[in-house]
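This report concerns the packing of helices and the contact between two chains. Please examine the sequence and the structure shown below before reading on.

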Amino acid sequence: MKWIALVVLAALLAALPSFAGEFYINLASQVLIAIIFALSLNLLVGYGGMTSLGHASYTGIAAYMVAILTTRYGIGHGISAVVSIAGTTVAAAGFGLIALRATGLSFLMITLAISQVLWGLAYRMASVTNGDNGITGITRPMPFGISLESAAAFYWFALLVAALAFAAMTIFVLSAFGSSLKGVRDQPRRMAALGFHPWMIRWITFIYSGFWAGVSGLLYVYYSKYIHPTSLSTTNSAEGLLGVIAGGSGTLGGPIVGATLVSLLKNYASGYIERWNMLLGAVFLAIVLLMPTGIVPGVRKLFSRTGKSRK
Amino acid sequence: MMAPPAYALEITSLCKSFGGLSVTQDVSLTIRAGERRLIIGPNGAGKTTLFNQITGDLLPTSGQIKLFGKDITRLRPDQRAHCGLSRTYQIITLFTQDTLEHNVTLGLMGLRSARWNPVRPLSFYGDLAKESRRILELAGLEKLSSHPVSEIAYGEKRRVELAMALAQKPRLLLLDEPLAGLSSSERTTVKSLIASIPRETAVIMIEHDMDTALDLAETVTLLNYGRVIVDGKRDAVIADEKTREVYLGN
């Protein structure tokens, strides 16, 4: 039953461009990018117990690197993409060294501080980032000579990357290392006494999470062909976090549901309601009140409860 | 090949203070390989603080700790675990959402390279699961192996604490009040479980239940205000005037 539902869903997703208009195809691409971002953040927040409020840093770094490398230095897309992702991953490793000196609220504050510094740099270092004007004229890559200019082609590309990202992160979470990570989240002291190295486990996860956030940044800049300092803003980090928590942190499906919800509210409902932030707030409030652990665990609990009462 | 070190643990002039409060004062102790040592003392005597310094949760202000001849004074807790040190906690510290089998598996993984494998699913490690169930069987918990820890009784949790530590086949095992809060029948079960620990493992136990603990101990150390008051063979320590004064009462 579950498998049939998944196959139908996959078929629907793949066939989306055949029945949806260009606006909706583009919307779907944006949702996919938000999903990759939320999935990567969930590794930290949900599985690692490290609540970060600066995750947009990595999407921003990757996006800016691609923008600068391709537009200013005329470097090809393939090399730019590899260098940007590598650069983002190295940056995550460096920021991890700083942020992981602390845990809990202090960790959150450090990630926030780092992202604010980057945001400030993007605004002020105009010679590199073009400041408030942002960088325009970015083109989409042509992997294997296939143009991604049409909405449908880009959507399929994003869907492929998102599927890869989901698979890779699912493997990571279900692996032996994933168990080490969850153990460190729940009982760091005991894990250390058992021979696990909590700091190293957190750091590796921090880097891996940064890597996938970088991938989402890459997609983002290809999609919008433009990059502006707001991409690095705390609002973006917070929206990702909101998606993870709303959907259910520490679950595989939670960030998908949550990020879909948040980005639909942001990109779709905002067309009808000017104060879409208020709507987002109301929805979030409802989730917290009705399903404090998030939509996915909440719905699962609901089903298991009705299942039990039937017996 | 070198002869194995005679001492499992050598503590020399260990001191720990929190600000002006000295909780460990010039403690020197030696534990032979395979020894069974009981540490007693009134509340606040610094027993658990001593354990925390042996495991590396706390770093001493001064002094030295050697584990099987190796200076571990500045090592991280996880590095000490790899030197053959294992412990249980006075306040039960388990993974409550996970099954008993998973808890013990974590104990096994801690010393194996599998803990770093980010690709292979944990469920593929059949050998770990099998070994985990074998250890749970030793602890008499095999029927509960697929239950989450949150569902089992307090006395059973105490045994999971032990099973996790035993899974690591430690050369030195620290037991922090393994009998705390247990009923008399549960005490008997845990006691025989502790008695069954192989002789390759040296055991240091903090325990207030003298009736049970003394049976398991060969040597006893009495701590008070962070100092070693009496130290030696069980019967000699128990007969000592100072033990009666400080701990047992008259």
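The following paragraphs describe helix pairs, a covered helix and a contact between chains.

The model is predicted. Two packed helices are described by the angle between their axes and the distance between those axes. The table sets out these values for two pairs in chain A.

| Helix pair | Axes come within | Crossing angle | Citation |
|---|---|---|---|
| H12(A) (residues 254-267) and H13(A) (residues 276-290) | 9 Å | roughly 155° | |
| H2(A) (residues 22-47) and H12(A) | 8 Å | roughly 135° | |

**H12(A) with H13(A).** The axes of these helices cross at roughly 155°. Because an angle over 145 degrees counts as roughly antiparallel, H12(A) and H13(A) are roughly antiparallel to each other. Their crossing is right-handed. From H12(A), the residues Val262(A), Leu265(A) and Lys266(A) meet Trp276(A), Leu279(A), Leu280(A) and Val283(A) of H13(A). Sorted by class, this contact holds 6 nonpolar residues, no polar residues and 1 charged residue.

**H2(A) with H12(A).** Here the axes cross at roughly 135°, and H2(A) is therefore oblique to H12(A). The crossing of H2(A) and H12(A) is right-handed. Among the residues that H2(A) brings to the contact are Leu27(A), Val31(A), Ile35(A) and Phe37(A), while those of H12(A) include Pro255(A), Ile256(A), Ala259(A) and Leu264(A). By class, the contact of H2(A) with H12(A) comprises 12 nonpolar, 7 polar and no charged residues. Val262(A) of H12(A) takes part in the contact with H13(A) and also in the contact with H2(A).

**Helix H11(A).** This helix covers residues 234-247 of chain A; at 1.5 Å a residue, its 14 residues should span 20 Å, and its end C-alpha atoms are 20 Å apart, so the two values agree. H11(A) is mostly covered, with 11 of its 14 residues buried. The buried residues include Asn236(A), Glu239(A), Leu241(A), Leu242(A), Val244(A) and Ile245(A). Gly248(A), which comes just after H11(A), has a positive phi of about 125°.

**Chain B against chain A.** How many residues of chain B are in contact with chain A? There are 24 such residues in chain B, and they are in contact with 19 residues of chain A. Helix H2 (77-82) and helix H3 (100-109) of chain B each supply at least two residues of the side that touches chain A. H2(B) gives the most to this side, with 4 residues. By class, the side of chain B that touches chain A consists of 13 nonpolar, 6 polar and 5 charged residues.

How values were computed. Residues are numbered from 1 along each chain as its sequence is written. Chains are lettered from A and ligands numbered from 1 in the order in which they are written. This is a predicted model: local features need pLDDT of at least 70, side-chain atom pairs count only at pLDDT 80 or more; totals for chains, interfaces and linings use all residues. Axes are lines fitted to C-alpha atoms, for helices over the stretch in contact, and angles run from 0 to 180 degrees between N-to-C directions. Angles under 35 degrees count as roughly parallel, over 145 as roughly antiparallel, 65 to 115 as roughly perpendicular and the rest as oblique. A crossing is left-handed if the near helix is turned anticlockwise from the far one by less than a right angle, and right-handed if clockwise. Two residues are in contact if their C-beta atoms, placed from the backbone, lie within 7 Å. Ala, Val, Leu, Ile, Met, Phe, Trp, Tyr, Cys and Pro count as nonpolar, Asp, Glu, Lys and Arg as charged, and the others, Gly among them, as polar. The expected span of a helix is 1.5 Å times one less than its number of residues. A residue is buried if 20 or more other C-beta atoms lie within 10 Å of its own, exposed if 12 or fewer, and partly exposed in between; C-beta atoms are placed from the backbone.
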